Amino acid sequence: YALRIEQGMDDAAVTSALEAAIDHIEQAYGLPGVVPVSSASSHEDLFDDWPELRGSLKLGRAEVSAVEFVRYTNSAGVELTFADWALAAGQIWLPYGKIWPTATLRTKAAAIRVRYTAGWATAAAVPEAIKQAIRLLMHHYYYHRDASLSPELSAAVGRILANYRRY
């Protein structure tokens, strides 16, 4: 698909279509962070409780490059750092032989904080499949400004993004 417009003729509509396409992918497919960000883009996710023994803390952004900390607040209100974890596929996992902290958490509401860096550093680093999904949606939103997504287009974008979906 290509947008057939002359340079500068409809910049506002193109920008709007691009923003709508990116927002759709980030929200509907659980791929926050598809827009390239600098390596200093820090995010923080909150969790209510530790996962089961073999479970993981699934971080909400795509392309996690580093974790600054995993902290939790115990029932006495003291914030502690948990260091016995491993990062893989955008998730915090337990290494073999380790267990999640057993201390009682402050409350079951946002007692665990994970701060991390995420997002692709450059547009060239964004996977081609995600770019193709953005182009398909952008084309649709540009030419069909008042229309909702057809089931066919929604299914096509879903198939393209299946390997990148975060939830």
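# Close-up views of a predicted chain

**View 1. The whole chain, from end to end.** The chain holds 3 helices and 7 strands; helices here are DSSP runs of H or I with at least four residues, strands are runs of E with at least two, and both are numbered from the N terminus. Following the sequence, you meet them in the pattern α-β-β-β-β-β-β-β-α-α. This is a predicted model, in which local features need pLDDT of at least 70 and side-chain atom pairs count only at pLDDT 80 or more, while totals for chains, interfaces and linings use all residues. Residues are numbered from 1 along each chain as its sequence is written, and side-chain values use heavy atoms, with hydrogens and water left out. Of the 167 residues, 39% count as buried, meaning under 20% relative accessible area; exposed means over 50% and partly exposed lies in between, using a 1.4 Å probe and protein chains only. Among contacts in the chain with a separation of 6 or more, 72% come from residues 24 or more positions apart; a contact means heavy atoms within 4.5 Å.

**View 2. Helix α1 meets helix α2.** Here you can look at α1 (residues 11–28) and α2 (residues 128–143), whose axes come within 8 Å and cross at roughly 130°. That angle makes α1 oblique to α2. Axes are lines fitted to C-alpha atoms, for helices over the stretch in contact, and angles run from 0 to 180 degrees between N-to-C directions. Under 35 degrees counts as roughly parallel, over 145 as roughly antiparallel, 65 to 115 as roughly perpendicular, and the rest as oblique. The crossing of α1 past α2 is right-handed, which means that the near helix is turned clockwise from the far one by less than a right angle (anticlockwise would be left-handed).

**View 3. The residues where α1 and α2 touch.** On the α1 side, find Ala-13, Val-14, Ala-17, Leu-18, Ala-20, Ala-21, Ile-22, His-24 and Ile-25. Their counterparts in α2 are Ile-130, Ala-133, Ile-134, Leu-137, Met-138, Tyr-141 and Tyr-142. Sorted by class, this contact has 15 nonpolar, 1 polar and no charged residues. Ala, Val, Leu, Ile, Met, Phe, Trp, Tyr, Cys and Pro count as nonpolar, Asp, Glu, Lys and Arg as charged, and the others, Gly among them, as polar.

**View 4. An open sheet of 4 strands.** Its strands come in the order β1-β7-β3-β4, with antiparallel pairing; two strands pair if DSSP finds at least two bridges between them. At the edges are β1 (42–47) and β4 (79–81), each pairing on one side only. From one strand to the next, the twist averages 25°. Inside the sheet, β3 (residues 64–73) and β7 (residues 112–118) pair in the antiparallel sense over 7 bridges. To trace that pairing, start at Val-64, whose bridge partner in β7 is Ala-118, then find Phe-69, which stands opposite Arg-115 in β7.

**View 5. The β3–β4 hairpin and Thr-73.** Strands β3 and β4 run antiparallel and are joined by 3 bridges. Tyr-72 stands opposite Leu-80 in β4. The two strands form a hairpin with 5 residues between them, and Gly-77 in the turn has a positive phi of about 85°. Now pick out Thr-73, found in β3: is this residue buried or exposed? At 9% relative accessibility, Thr-73 counts as buried. Leaving aside neighbours within four places in sequence, Thr-73 touches Val-78, Glu-79, Leu-105, Arg-106 and Ala-111.

**View 6. An open sheet of 3 strands.** This sheet has the order β2-β6-β5, again with antiparallel pairing. The edge strands, each pairing on one side only, are β2 (57–58) and β5 (86–88). Between β2 and β6 (residues 91–93) there are 2 bridges, and the bridge partner of Leu-57 in β6 is Ile-92.

**View 7. Two alanines with a positive phi.** Most residues other than glycine have a negative phi. Ala-89 has a phi near 55°, a positive value in a residue other than glycine, and lies in the loop between β5 and β6. With a relative accessible area of 65%, Ala-89 is exposed. Ala-110 has a positive phi of about 55° although it is not a glycine; look for Ala-110 in the loop between β6 and β7. Ala-110 counts as partly exposed, at 26% relative accessibility.
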